[in-house]
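Thanks for asking me to look through this one with you. Below are my notes as numbered points, so keep the structure open and follow along.

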Amino acid sequence: MTRRSFGSIRRLPSDRWQASYVGPDHRRHTGPTTWTHRTDAEAWLAAERHVIESGAWTPPTDRLRAETTAGQRLGDYAATVIKRRATRSRNPLRPTTRAHYEQTLRLAILPTLGGLPIASITRADVAAWYDSLDPARATRRGHAYDLLRSILAEAVDDGVLAENPCRLRGAGKPSPARPGEVLDVSELVAYIAAVDPPYRVLLALTAWCSLRSGEARALRRCDIDDDGRVLRVRQTILRVPHPDGGQQLVIGPPKTAAGVRSAAIPPMVAHGVAEWLADWDRRHPSADATSLLWTSRDGESPLSDVTLRKAHRRAASAIGRSSLRVHDLRRTGATLAAQSGATIRELMRRLGHTRPDVAMVYQVADDERDAAVAARMGGLALPPGM
């Protein structure tokens, strides 16, 4: 090996020349290829030294990857990013999220931007594309913008772009077009009484324990104690694309790690749950602890969200709340828990959330509740002179 003032060159057994140097990161970097002539290896070292002295140095492998990726079209790069996210060892994409990303790409991003070299995409391109999306479909438009912005952010991290061209103010996921609804206690009691018997306990637990629809439909016999006092969330039901087309229901882990949780069932509900469980055991003598409590007609497949929504709509209409959605039952449970004195941390645990701001979204205040708060404040003792 030949020692130099900068870098090293050595002749390989193949008679080709290899060059390397220790970079500003104190790691050794080897040339991207070997050379037939020594002068070519020297030229590569000289070029690398110039890059270091200019202050613009990055590892040669990063520059090579950026140069290779820069020629990729957005469609190809986006597919690589989604695959990378889906197969990473920590927090890989859920199947439903991956399917949503792929659908958003196919319908909203690729028809306009998919054929452009990723390194050539400008703010003007992004603005023109965003303006071309149907403003009446605000949610899809916002999701598409957020996805594009995250993909181009990875391009910045990969060294393909100097900055993210997604810089539009006000773009992204819009505010919910429909405010959440909640039921008060008397309305919730009337609602549950109006639910068809096969789904009454299911929707009662959805509300009182603030469950997501998939979490409720994925409950197994082992997930509820015999006395009906404690419920455990260990899995959920997901709707994902079927390999042969269409969609299928699969059972997977909850939405987040915090989604794996236990929830105490309110005492006034627990007795009815315990009675229902005892009756379920009599009707399913051959079932084991992992059997789903609610299934489709075949007795084994997960219950469809469509079936649950039908049962819910009949009960909601019966109490004059036809605009109520199944997810509003989760919001109802969170609001009732907060009104019963639950702290933010307790709400996060009950809802299976990792962020307090997300948990707060599920609390719905109204004028009557605000008046009650003011009345309680009126009883506070004030210091003299106030």
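1. Start with the outward side of helix α1 in this predicted model. There you will find T39, H50 and E53, which are exposed. The opposite side has its own set: A41, W44, L45, E48 and V51 are buried. Why do these residues belong to the same side of α1? They cover an arc of only 120 degrees around the axis, and that places them together on the same side of the helix. A rule worth remembering here is that an α-helix has 3.6 residues a turn, so residues three or four places apart point the same way.

2. Stay with α1 a little longer and look at its length. The helix runs over residues 38-54, which makes 17 residues. From the first C-alpha to the last it reaches 25 Å, close to the 24 Å expected at 1.5 Å a residue. Just after the helix comes G55, with a positive phi of about 85 degrees.

3. Helix α13, residues 344-351, can be read in a similar way. Its buried residues are L347, M348, R350 and L351. They lie on the same side of α13 because they cover an arc of only 165 degrees around the axis. Turned away from that buried side is a face carrying R345 and R349, both exposed. Do notice that the arginines of this helix appear in both groups: R350 is buried, whereas R345 and R349 are exposed. After α13 comes G352, and its phi is positive, near 80 degrees.

4. Which helix packs against α13, and at what angle do the axes cross? It is α12 (residues 326-339): the two axes come within 10 Å and cross at roughly 150 degrees. An angle over 145 degrees counts as roughly antiparallel, and α12 and α13 are therefore roughly antiparallel to each other. The crossing is right-handed. On the α12 side, the contact is made by R330, A334, A337 and A338. On the α13 side, it is made by L347, R350 and L351, and these three are among the buried residues from point 3.

5. A second helix pair makes a good comparison. Two packed helices are described by the angle between their axes and the distance between the axes. For α4 (residues 95-113) and α5 (residues 123-132), the axes come within 10 Å and cross at roughly 135 degrees. That angle makes α4 oblique to α5. Here too, the crossing is right-handed. A108, I109, T112 and L113 of α4 meet D125, W129 and S132 of α5.

6. Now pick out L147, which sits in helix α6 (residues 138-157). Is this residue buried or exposed? L147 is buried, since its relative accessible area is 3%, and the cut-off for buried is under 20%. Not counting residues up to four places away in sequence, L147 touches R85, Y101, T104, L105 and I109. One of these, I109, also takes part in the contact between α4 and α5. L147 and A78 are another pair to find: they are 69 residues apart in sequence, yet 9.5 Å apart in space, C-alpha to C-alpha.

7. For a contrast, go to R84 in helix α3 (residues 74-87). At 36% relative accessibility, R84 counts as partly exposed. Leaving aside its neighbours within four places in sequence, R84 is in contact with E154 and D158.

8. Two backbone angles deserve a second look. Most residues other than glycine have a negative phi, and most peptide bonds are trans. D15, which is not a glycine, has a positive phi of about 75 degrees. D15 is in the loop between β2 and β3, and at 47% relative accessibility it counts as partly exposed. S210 is another residue other than glycine with a positive phi, near 55 degrees. S210 lies in the loop between α8 and α9, and it is buried, with a relative accessible area of 1%.

9. Finally, step back to the whole protein. How many helices and strands does it have? There are 15 helices and eight strands. Of its 386 residues, 39% count as buried. Among contacts with a separation of 6 or more, 59% involve residues 24 or more positions apart.

Terms used
Residues are numbered from 1 along each chain as its sequence is written. This is a predicted model: local features need pLDDT of at least 70, side-chain atom pairs count only at pLDDT 80 or more; totals for chains, interfaces and linings use all residues. Side-chain values use heavy atoms; hydrogens and water are left out. Helices (H or I, at least four residues) and strands (E, at least two) are DSSP runs, numbered from the N terminus. The expected span of a helix is 1.5 Å times one less than its number of residues. Buried means under 20% relative accessible area, exposed over 50%, partly exposed in between (1.4 Å probe, protein chains only). The arc is that of the directions from the helix axis to the C-beta atoms. Axes are lines fitted to C-alpha atoms, for helices over the stretch in contact, and angles run from 0 to 180 degrees between N-to-C directions. Angles under 35 degrees count as roughly parallel, over 145 as roughly antiparallel, 65 to 115 as roughly perpendicular and the rest as oblique. A crossing is left-handed if the near helix is turned anticlockwise from the far one by less than a right angle, and right-handed if clockwise. Contact means heavy atoms within 4.5 Å.
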